[in-house]
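Please follow the account below with the sequence and the model side by side. It proceeds from one residue to its surroundings and then to the chain as a whole.

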Amino acid sequence: PDQSLRALVLAKAPRMPGRFKTPAQVARFKRAQREFDQVLLDLGLVSPAALQRRNSVAPASRPVLMIDFHSVDASAAVGR
């Protein structure tokens with residue numbers, strides 16, 4: 001893909017505020033981010049794998065850790 005087009009489109013990416021004041025702000029930002037990601041995919045400016053890397057909190061090389069869902073804290077959280 002054309003690097004100048006990619007740079008132009010990425011400059012329009014939604015910007016996360018320093019602090020969300022309401023749940024509605026979070027929802028609006030997440031919706032805008034999903035719509036922007038779809039535009040990137042539709043224009044062929046990023047691959048699905050690149051988009052996943054960009055949006056992921058943890059690197060793909062990091063192993064997935066399972067937590068103990070049977071712990072006392074977890075059972076208390078579901079009202080047992």
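Lys30 is partly exposed, its relative accessible area being 47%. In this predicted model, Lys30 belongs to helix 2, which spans residues 23-42. Together with Arg28, Arg31 and Arg34, Lys30 forms a positive surface patch. Membership of such a patch requires over 30% relative accessible area, and Lys30, at 47%, is therefore accessible enough to take part.

The residue that precedes Lys30 in the numbering, Phe29, is buried, with a relative accessible area of 17%. The structure contains 1 aromatic pair, and this pair is made by Phe29 and Phe20. A pair of aromatic rings is described by the distance of the centres and the angle of the planes. For Phe20 and Phe29, the centres are 5.8 Å apart and the planes make an angle of 55°. Planes over 60 degrees apart would count as edge-to-face and those under 30 degrees as stacked, so the arrangement of Phe20 and Phe29 is classed as tilted. The two partners fall into separate accessibility classes: Phe20 is partly exposed at 28%, whereas Phe29 is buried at 17%, because the limit for burial is under 20% relative accessible area.

Helix 2 also contributes to a contact between charged side chains. Side chains of opposite charge can pair when their charged atoms come close. Which residues meet in this way? The side chains of Asp37 and Arg54 form a salt bridge, with 2.6 Å from N to O. The pair links distant parts of the chain, since Asp37 lies in helix 2 and Arg54 in helix 3 (residues 48-55), 17 residues apart. A search of the whole structure finds 1 salt bridge. Its two ends are covered to unlike degrees: Asp37 is buried, with a relative accessible area of 9%, while Arg54 counts as partly exposed at 38%.

Helix 3 also holds Leu51, a buried residue with a relative accessible area of 8%. Leu51 and Asp37 are separated by 14 residues in sequence, and their C-alpha atoms are 7.4 Å apart in space.

These details can now be placed in the chain as a whole. The chain has 4 helices and 0 strands, and its pattern along the sequence reads α-α-α-α. How much of the chain is buried? Of the 80 residues, 11% are buried; among the buried residues are Phe29, Asp37 and Leu51.

Methods:
Residues numbered from 1 in each chain as written. Predicted model: local features only at pLDDT ≥ 70, side-chain atom pairs only at ≥ 80, totals over all residues. Heavy atoms only, no water. Phe/Tyr/Trp six-rings, centres within 6.5 Å; stacked < 30°, edge-to-face > 60°. Buried < 20%, exposed > 50% of the residue type's maximum accessible area, 1.4 Å probe, protein only. Patch = residues over 30% accessible without salt bridge, like charges linked within 9 Å, V, L, I, M, F, W, Y side chains within 5 Å. Areas by Shrake-Rupley, 256 points an atom, 1.4 Å probe, with all protein chains shown as cover. Salt bridge = Lys/Arg side-chain N within 4 Å of Asp/Glu carboxyl O. Lys, Arg positive; Asp, Glu negative; His and termini not counted. Charge placed at Lys NZ, Arg CZ, Asp CG, Glu CD. Helix = DSSP H or I, 4+ residues; strand = E, 2+ residues; numbered from the N terminus.
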